[in-house]
Amino acid sequence: MSLGTNDFLENYYTICGRRSQFTIQQYQDFLIGLAEDFVKKLYALGARKLSLTGLSPMGCLPLERSTNFMHPNSCVKEYNDLASQFNGKLDQSVAKLNGELPGMKVLFSNPYDLLLQIITAPSLYGKFDLLFITLHTSKIQNIRIILNFNKICF
């Protein structure tokens, strides 16, 4: 089970309504609460093993890098910091769920560090031509997204 990337990038940062309802800390707690409730419902249905996957360095997604006008083609630090912080909360939530639900084994899977290392030090893993291609082809789509965002929020 995974959650978070679209919840933050689309529902919090892109759609203005969520930001007027929650601070970023409150929104993190809101999502954690939804995840906990969902896991408890799965448990009630008989689930006893579950992997809960944290956030990747979402500030390094091709869309975010290609629309980072302050630091072109660089990762968005704010989004990466948020992902790291959210993963810490999610890890704590998994420990809590394992303590509350007898016989349940929830595993927290954290892709953040490995993926960030692949992105920031790709030579350690071989050549990554695909990353450039993805960034290049995303620019046309990003222009349309930014224009739509300006219509919604301003």
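Student: Is Glu100 buried, partly exposed or exposed?
Tutor: This is a predicted model, and the value is computed from it. Glu100 has a relative accessible area of 40%. Exposed would need over 50%, and buried under 20%. Glu100 is therefore partly exposed.

Student: Which residue meets Glu100 in a salt bridge?
Tutor: Side chains of opposite charge can pair when their charged atoms come close. The N to O distance for this pair is 3.5 Å. The cut-off is 4 Å, so the pair counts as a salt bridge. The partner is Lys40.

Student: How many residues apart are Glu100 and Lys40?
Tutor: Glu100 sits in helix α5 and Lys40 in helix α3. The pair links distant parts of the chain. Lys40 is partly exposed, at 32% relative accessible area. The two are 60 residues apart.

Student: What is the N to O distance in the salt bridge of Lys96 and Glu36?
Tutor: Here too a side-chain pair links distant parts of the chain, with Lys96 in α5 and Glu36 in α3. These residues are 60 apart. Their N to O distance is 3.1 Å.

Student: Which residue of that pair counts as buried, Lys96 or Glu36?
Tutor: Buried means under 20% relative accessible area. Lys96 has 38%, so Lys96 is partly exposed. The other partner has 11% relative accessibility. The buried residue is Glu36.

Student: At what angle do the axes of α3 and α5 cross?
Tutor: Two packed helices are described by the angle between their axes and the distance between the axes. Helix α3 covers residues 24-44 and helix α5 residues 77-100. Their axes come within 10 Å. The crossing is right-handed, and its angle is roughly 35°.

Student: How many nonpolar residues does the contact of α3 with α5 have?
Tutor: On α3, the contact includes Ile24, Leu31, Ile32 and Val39. On α5, the residues include Leu82, Phe86, Leu90 and Leu97. By class, the contact also has four polar and six charged residues. The nonpolar count is eight.

Student: Where do Asp81 and Lys77 lie?
Tutor: The two form a salt bridge, with the closest N and O atoms 2.6 Å apart. They are four residues apart, about one turn of the helix. Both lie in helix α5.

Student: Is Lys77 buried or exposed?
Tutor: Its partner Asp81 is partly exposed, at 39% relative accessible area. Lys77 has 58%. The cut-off for exposed is over 50%, so Lys77 is exposed.

Student: What is the phi of Asn73?
Tutor: Asn73 is found in the loop between α4 (62-66) and α5. Asn73 is partly exposed, with a relative accessible area of 34%. The sign of its phi is positive although Asn73 is not a glycine. The value is about 65°.

Student: How many helices does the protein have?
Tutor: The pattern along the sequence is α-α-α-β-α-α-β-α-α. Two strands appear in the protein. The number of helices is seven.

Student: What share of the exposed area do carbon and sulfur atoms supply?
Tutor: Of the 154 residues in the protein, 32% are buried. The protein exposes about 9,400 Å². Carbon and sulfur atoms supply 60% of that area.

How values were computed: Residues are numbered from 1 along each chain as its sequence is written. This is a predicted model: local features need pLDDT of at least 70, side-chain atom pairs count only at pLDDT 80 or more; totals for chains, interfaces and linings use all residues. Side-chain values use heavy atoms; hydrogens and water are left out. Buried means under 20% relative accessible area, exposed over 50%, partly exposed in between (1.4 Å probe, protein chains only). Accessible areas come from the Shrake-Rupley method with a 1.4 Å probe; for residues, only the protein chains shown count as cover. Axes are lines fitted to C-alpha atoms, for helices over the stretch in contact, and angles run from 0 to 180 degrees between N-to-C directions. A crossing is left-handed if the near helix is turned anticlockwise from the far one by less than a right angle, and right-handed if clockwise. Contact means heavy atoms within 4.5 Å. Ala, Val, Leu, Ile, Met, Phe, Trp, Tyr, Cys and Pro count as nonpolar, Asp, Glu, Lys and Arg as charged, and the others, Gly among them, as polar. A salt bridge is a side-chain nitrogen of Lys or Arg within 4 Å of a carboxyl oxygen of Asp or Glu.
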